[in-house]
Structure formats: structure tokens, C-alpha cells
Amino acid sequence: MTRSTFTLSRRRLLAGAASAALTTPMINRAWAADPVEINMLAWYGHAEPDIVAEFEAANNVKFVPKYYAGGDNMLGLIAQSPPGTYDLILSDAEFVQQLNMAGYIEEMDPSLYPFDDFWPEYQNFPGHWTDDQLWSVMVRFGLLGVSYNSDVMTREEAMSYNAFWNPKITGKLGHFDWHLPSLGQVSLLMGNRDPSPFDISEDAWEAVMDKTLSLKPQVGGYFDYGGTFASLKNGEMLAMAGIGDWITGVLQKDGAPVASVIPEEGGIQWTESYSIGKGTTKHEIINKFINYMLSPEGQVKSIKMAAYPGLSPLKSGWKAIQEADPAEAKRSGLIEGDDQSPIKLLSEGRLFFRDIPRQQDLEDWNDFWSEYKTA
């Protein structure tokens with residue numbers, strides 16, 4: 001290469017570099033900044049890659065989760081944290097008003113969310129509103145019933161909470177270690193339906209405690225999230241009280257012989273919703289994420305969450321999963337008129353929203369649960 005050719009080539013290279021400096025870096029500069037961190041308090045799974053990775057990449061944010069199991073645990077974590085610690089709080093619906101009364105969450109603008117797309121049964125969900133003030137937006141829900149090993153127990157045997165007393169599973173019944181789900185199921189077995197298995201008299205509460213204590217010889221353990229999965233998968237436990245498809249749905253995909261049914265006494269609905277943490281400065285990106293999770297794409301991710309599956313409260317969510325994964329839509333009952341459709345179960349009076357105790361203190365139920373575990 002001659003000197004003149006080299007000089008010309010060098011000039012062209014520098015010119016090209018200068019041109020690139022005026023274009024590409026202008027695009028990349030915003031993304032070169034550190035991602036905005038969103039501190040999330042949630043059940044396990046909600047900030048895992050299968051749910052948030054695409055949103056993080058598209059918006060230059062990073063979710064920093066603190067995971068909990070059970071609403072009591074959630075309230076304790078917030079109470080122990082400085083104000084403004086959490087930008088986004090995923091709460092069980094029955095605890096939203098406690099978050100509100102304690103001043104942990106901010107009022108939300110209903111016009112920002114697609115409530116017209118929600119099934120009517122979920123548009124004005126109990127506890128999410130005070131009059132016209134919105135405090136939380138439902139993102140998913142699921143059903144609790146009888147969960148069992150299908151090699152040991154038949155579906156017909158599982159169609160009543162009396163299955164927990166079946167001699168086939170003596171010493172092999174597990175409890176998900178949170179009082180509301182299991183005690184709510186025993187309350188349903190005792191006939192406490194009107195107005196709710198969680199709104200019961202003192203006499204009815206005494207009967208629920210006595211019936212629960214009679215279950216003690218059946219019990220093989222009390223398990224956290226991971227222990228519930230493992231004990232059902234390896235056959236250590238042959239049935240589990242206080243759970244449903246959110247556990248067995250994942251295990252079924254792994255080939256475990258487990259299933260869940262809504263028994264004749266009725267099922268209990270768990271409900272998860274997003275609230276905005278008091279004092280956050282990240283309202284715009286938080287609202288963008290909530291709407292992403294309420295979109296058809298986000299709802300498919302939510303329904304198929306790797307940690308535990310859920311159901312969609314939106315009509316477009318049902319349509320999206322029917323198109324994306326017809327087998328999962330059928331398995332989870334997200335088809336209008338299906339026997340396991342949550343809308344159908346609600347209309348038949350076979351589904352009750354999980355709640356905190358209404359005629360006893362929450363601590364009364366919690367204290368009894370501790371006594372039951374050590375009885």
C-alpha cells in the first residue's frame with residue numbers, strides 16, 4: 001500500500017468513525033446507563049427471568065426482589081423496613097386494606113388500567129377499593145382444593161375435604177404452613193359458607209379448631225414452598241392441605257402423579273395483585289410494568305409462570321392462552337363453560353375468596369395454628 005493510499009484510507013476510516021460517533025452512540029448512550037432498579041416485594045417467581053427478562057431488556061430496568069410466603073410474613077417484612085424500601089408490592093388480596101391502613105401503599109389511578117377487559121366478577125374486587133379509591137390491581141389468581149397423589153387416591157375420594165382423614169394417607173398428609181388456607185378449608189367442610197368460611201361465629205370457630213385438631217394423627221409435616229413441592233414429588237406426602245393447582249400443576253408437568261380438585265364443599269380462591277409502594281419515585285415505569293403484566297403477552301407469562309401457575313382475570317388473557325397453549329387453557333379451565341372454569345364455579349357458589357378472619361382477630365387464627373403444629 002502506498003503512502004497516499006494509506007493516508008486516504010485512514011481519512012476515510014476517521015470520517016466513518018466520526019459519522020458513527022454522531023449516530024450509534026446517541027442511540028446507545030441511554031442504554032449505557034445503569035438500569036433503574038425496581039425493588040419488589042412478592043411471592044417467589046414474580047421477578048424471575050421467565051416473567052420479567054423481556055421487560056427488563058426493553059426498558060433498561062432491573063427487578064430486585066424480596067420474596068415471602070404468606071401475608072403475615074409480608075406485613076412483617078414491610079414493618080421492619082424503612083419507608084420507601086419497596087417500589088412495587090405483590091400482595092394477597094385479603095391484605096391490601098391492611099397495607100392501606102398502615103400507610104404502606106399509594107392510591108392508584110383506575111383510568112391507567114384495562115378494567116373493561118376484566119371479567120365483571122373481578123372488576124370491583126373486594127378489598128382493592130374503598131369507594132372510588134383504588135389501592136391494588138389484580139394480576140392473577142388460583143384455586144385451592146384437595147391436592148393428592150393420584151396413584152393412591154381416586155378423584156372421587158378427593159371430591160371432599162374428608163379425604164384428609166382417609167386412612168390411606170395416615171401420617172402422609174402435609175400442610176402448606178400458613179393458617180388461612182388450611183383453616184379455611186376445614187371451615188368449608190364444617191358448612192361455613194354464608195357469608196364466608198372466614199366470617200364465622202365464635203361457636204363455629206370452636207368447631208373448626210376441634211375438627212382441625214382431630215386431623216393431627218394424619219399429619220406428616222408442615223412445609224414451606226420448596227418443601228411442599230419436594231414432599232409431593234417424592235411421595236413423602238400423599239396429600240396436601242391448603243394448596244391447589246399452583247403446586248400440583250408444576251409437578252404434573254414434571255410427570256409426578258398428583259392432581260388437585262375443587263371438592264363438593266367448594267374451593268378457596270387466592271388472589272395476587274400489585275400495589276405501588278408508598279414513597280416510590282418510579283410511578284411511570286411501575287405502571288408500565290403493571291400494564292405489561294395485564295397485556296395478553298404478560299398474562300400468558302403469568303398463567304405459565306415457571307414457579308407456579310395462575311389464572312387470568314382478563315378476557316383477553318383467556319383468549320391469549322387459548323391461542324398460545326390450548327392444552328394449558330383446557331387444563332386450567334380458562335375456557336368459557338368449562339367444568340373447571342372459575343367463572344362457572346363462582347356462578348355455582350362453589351368458590352370463595354380467601355380472606356382474613358372477620359369475627360376473630362388474625363392473631364387468634366395464627367395462635368391456634370401454632371398450637372396445632374405442636375399438639
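A pocket is an open set of points, on a 1 Å grid over the protein atoms alone, with protein on both sides within 12 Å along at least five of seven lines; its lining residues have an atom within 4 Å of a point. The second largest pocket here is lined by 18 residues. This is a predicted model, in which local features need pLDDT of at least 70 and side-chain atom pairs count only at pLDDT 80 or more, while totals for chains, interfaces and linings use all residues. Residues are numbered from 1 along each chain as its sequence is written, and side-chain values use heavy atoms, with hydrogens and water left out.

**Confidence**

- The protein chain has a mean pLDDT of 92 (pLDDT is the predictor's confidence in each residue, from 0 to 100).
- In this chain, 91% of residues reach 70 or more.
- Residues 1–30 stay under 50 in pLDDT.
- For residues 1–30 the model has 4 contacts beyond four places in sequence (contact means heavy atoms within 4.5 Å).

**Strands around β1**

- Strand β1 covers residues 36–43 and strand β2 covers residues 61–68 (strands are DSSP runs of E, at least two residues; helices are runs of H or I, at least four; both are numbered from the N terminus).
- β1 and β2 pair in the parallel sense over 8 bridges (two strands pair if DSSP finds at least two bridges between them).
- Within this pairing, E37 stands opposite K62 in β2.
- Helix α3, residues 49–59, joins β1 and β2 in a right-handed β-α-β unit. Right-handed means that, with the strands pointing away from the viewer, the path from the first strand over the helix to the second runs clockwise.
- β1 also runs parallel to strand β3 (residues 88–92), with 2 bridges between them.
- M40 stands opposite L88 in β3.

**Backbone details**

- N60 lies in the loop between α3 and β2. Its phi is near 55°, a positive value in a residue other than glycine.
- The peptide bond from D194 to P195 is cis, with omega near 5°.
- P195 is found in the loop between α7 (179–189) and α8 (202–213).

**Largest pocket**

- This pocket has a volume of about 360 Å³ (the space filled by probe spheres set on the grid points, which are joined across faces, edges and corners).
- Its lining has 20 residues, with D245, S260, R331, S332 and Q340 nearest the centre.
- Elements giving two or more residues to this lining are β6 (137–144), α10 (245–253) and β11 (258–261).
- α10 gives the most, with 4 residues.
- The lining of the largest pocket divides into 8 nonpolar, 9 polar and 3 charged residues. Ala, Val, Leu, Ile, Met, Phe, Trp, Tyr, Cys and Pro count as nonpolar, Asp, Glu, Lys and Arg as charged, and the others, Gly among them, as polar.

**Second largest pocket**

- The volume of the second largest pocket is about 310 Å³.
- P126, G127, R354, D355 and R358 lie nearest its centre.
- α5 (96–101) and β13 (351–353) are the elements that give two or more residues to its lining.
- By class, this lining has 10 nonpolar, 4 polar and 4 charged residues.

**Cavity**

- The structure holds 1 cavity of 30 Å³ or more (a set of grid points where a 1.4 Å probe fits but cannot get out).
- About 90 Å³ of space lies in the largest cavity.
- Its lining includes W43, D92, L144 and R354.
- That lining has 8 nonpolar, 1 polar and 3 charged residues.
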